[in-house]
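Here are my notes on the model you sent over. I've kept them as numbered points so you can go through them with the viewer open.

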Amino acid sequence: MDKTKRPKFYVTTPIYYVNDVPHIGHAYTTIIADSLARFHRLCGYDVFFLTGTDEHGQKIEKAAIDKGLKPKELADQVVIRFKDLWRALNVSYDFFIRTTEPFHEIGVQKIFNKLKEKGDIYKGVYQGWYCISDENFLAEDVPLESSGEKICPDCGKKAILVSEECYYFRLSAYQERLLKFYADNPNFVRPAGRMNEVVSFVRQGLKDLSITRTTVKWGIPVPGDPPHTIYVWFDALHNYITGIGYDWNMDHFNRFWPADLHLIGKDILRFHAIFWPAFLMAAELPLPRCVFGHGWWLKDETKMSKSKGNVLDPQIILNTFGPDPLRYFLLREIPIGQDGNFSHEGFLHRVNSDLANDLGNLVQRTLAMIWNYFHGKIETADPENDHDLALKEAFHQLKVKVKEHFEDYAINRALEDIWAFINQLNKYLADNEPWKMASIPEKKGRLARILLQTAKGLWGVAYLLYPVMPASAEKIWKMLGEKRPINSIQFQDLDFSLFSASEPTEKPEPLFPRIALQDFLGVETKKEAKMESQEAWISFDEFKRMDFRVAEVIKAERVPGTDKLLKLEINLGEETRTMIAGVADTYSPEELIGKKIVVIANLKPAIIRGIESQAMLLAAEVGGKAIIPFFDRDVPAGAKVK
Ligand code: MSP
């Protein structure tokens, strides 16, 4: 169908600061957006999914100085980390915007000029307390400390006193229009409780907003008045329009604006629910349909954030489990509006019980029976009896509920209902006891029907799980012999009749690795311990305990379902070992075969992606990529390196 005739769905994430690498909190927002984008694509929407990076402002300037880099150099490095993570998590964004790109800078300057010409931006003098960490001025009622300073109530850091000539945005003029807009659009801010917070804040009175700085150099210059730099939030919020073509592809912009959903963390609600609509009103552009402020992931009951030093690196989980368990856990564990506490125990428990046991086992058992009793393919089966029809009807009801939940952004409830159906499938098998029929020839047709109906159920479950677990969903379809890609079937057409199991199925194999807590925490603890001791000296004796060896790579292959991992077989002189190396985005398997590398041979083995890794290679980490040192003359495999 002509794209422009389809309904559209435009979803955004915040653009992330590049002062540090991404963590689980950033991954959370992006995974929600990705699942909603995928769901809407299945429903036939013309979807645009925008994410990106916020690269200007004092915070980035300062982080760059600390690292001895120019701000743009820092941004270029960190952007690679974000893009790598989104690739590893299967994030299907349509465009990645960087606020340092010229088309964005020009768009922001044009809007600035337009508002200035209208009188919504004017020049004045600002004096106030500024929090660099949050890139935000403190409210005037924040009390002075006995030291004469002010502390940011949001992050607890010292604010600085700033006094400067600046441009103001006439926010006060929009107070009544904003209140009317909220009253007319009660679902503009979700969850509902957050709408109340916004309304009461605006009711207390809005002051004009200072939107330029002369003290900050790293930003978009005010057109025609270069000592002034546009405030990072004024700059950043406009990514939502420049990222879809504002001022450079107006057809595309008009197709997708206004946004259907701005997904954000609750920490940045005011910027999105008050400033942003006011800027848009001033620019005479339509307002977004919904701003959803989700909760925070906490570690040890405090918000995970770089400044608190308690962030969790998603890469560790991804290396062991691949993307889907993390996607599933984050979306299943808490409703989108609430906070959640991240623990490795909680994560592992969910993965082992829901994914490995409930779903993975069911797929494996079903395929095993199809292979044992029908050589992998069901040719004919008895007609459906009442039990089979009840299962089909339950699936039909599930599909309706899942759609409602996704449309209500209640992904955790959709997953709960899908799991209730998976349990129903497990019960259907247990009640019908197909294994007892295998040896009775006249029950063959019934046996075929039971397995066929279960396979249809799993086929349907995989489809419904696709927005949350795209890789596993495709894998289940492939295992069931389904050749079509999932997104070739529209949500409204989904029905048991579309799947007949007439193609050969694949031999059963575990869908999700089952990993013991000790093995998983072993990997974690090693990483944490390594990080903690990075700065500390080690003694010569400690160094001597490390057994570095020359190893020759005999075999190399990709670890299925990962972008980064290679499985290597190495010769250590007197023995061969298997190891996993995170180098696949720098080296192809062919390139490494025959090469001599350095490994640490006495590191405790770790299970990575279900494979025991019995050594670790040494490599330099540059811009998120591993570069392996090679020898400049021949050395025998097994030689000690010291
Ligand atoms: N650059 C601004 C946003 C500009 S949007 C026009 C910013 N960036 S940020 O890097 O600090 O990321 C903010 C977003 O990351 C939060 O709003 C939230 O979506 C996500 N999270 C960061 N830490 C988080 C948790 N601990 N838990 C959940 N999400 C959090 O603010």
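The points below take the sheets, then the ligand site, then the helix pairs.

1. A reminder before anything else: this is a predicted model, so please read every distance and angle below as computed from predicted coordinates.

2. Start with the parallel sheet. It is open, built from six strands, and the order across it is 3-2-1-11-12-7. Strand 3 (95-98) and strand 7 (189-190) are the edge strands, and each of them pairs on one side only.

3. Within that sheet, have a look at where strand 1 meets strand 11. Strand 1 covers residues 8-17 and strand 11 covers residues 261-265; the two run parallel and are joined by two bridges. If you want a residue to click on, Val11 has Leu261 of strand 11 as its bridge partner.

4. Helix 10 belongs in the same view. This helix, residues 269-282, lies across strand 7, strand 11 and strand 12 (291-294). Relative to strand 11, helix 10 runs at about 140 degrees.

5. The other sheet is antiparallel: four strands, again open, in the order 5-4-6-8. Strand 5 (136-137) and strand 8 (209-210) sit at its edges with a single partner strand each, so one side of each has no neighbour in the sheet.

6. In the antiparallel sheet, strand 4 (residues 121-131) and strand 6 (residues 160-169) are joined by 10 bridges. Tyr130 is bridged to Ile160 in strand 6. Ser163 is also in strand 6. Which residues does Ser163 contact, once its neighbours within four places in sequence are left aside? Those are Tyr126 and Gln127. As for Tyr130, its C-alpha is 10.0 Å from that of Ser163, with the two positions 33 residues apart in sequence numbering.

7. Now the ligand. There are 25 residues around it, and the closest are Ile15, Thr29, Asp54, Gly265 and Trp297. Note that the ranges already given put Ile15 in strand 1 and Gly265 in strand 11.

8. Three polar approaches to the ligand deserve a check by eye. A polar side-chain atom of Asp54 is 2.7 Å from a ligand nitrogen atom. Gly265 uses its backbone: a polar atom there is 3.0 Å from an oxygen atom of the ligand. For His294, an N or O atom of the side chain lies 3.3 Å from a ligand oxygen atom.

9. On to helix packing. Helix 11 (residues 314-321) and helix 12 (residues 323-333) have axes 7 Å apart and pack at an angle of about 125 degrees, so the two are oblique to each other. From helix 11 the contact takes Pro314, Ile317, Leu318 and Phe321, and from helix 12 it takes Pro323, Pro325 and Leu326. By class that gives seven nonpolar residues, with no polar and no charged ones.

10. Last, helix 15 (residues 411-432) and helix 16 (residues 444-465). Are they roughly parallel or roughly antiparallel? Their axes cross at roughly 170 degrees and come within 11 Å, which makes helix 15 roughly antiparallel to helix 16. On the helix 15 side the contact includes Trp419, Phe421 and Tyr428, and on the helix 16 side Arg446, Arg449 and Gln453 are among the residues met. The classes here are mixed: 14 nonpolar, four polar and two charged.

Note on methods. Residues numbered from 1 in each chain as written. Predicted model: local features only at pLDDT ≥ 70, side-chain atom pairs only at ≥ 80, totals over all residues. Heavy atoms only, no water. Pairing = 2+ DSSP bridges. Contact = heavy atoms within 4.5 Å. Axes fitted to C-alpha atoms, helices over the stretch in contact; angles between N-to-C directions. Parallel < 35°, antiparallel > 145°, perpendicular 65-115°, else oblique. Nonpolar A, V, L, I, M, F, W, Y, C, P; charged D, E, K, R; others polar. Near = heavy atom within 4 Å. Polar contact = N/O pair within 3.5 Å; in protein donor to acceptor, adjacent residues only side chain to side chain.
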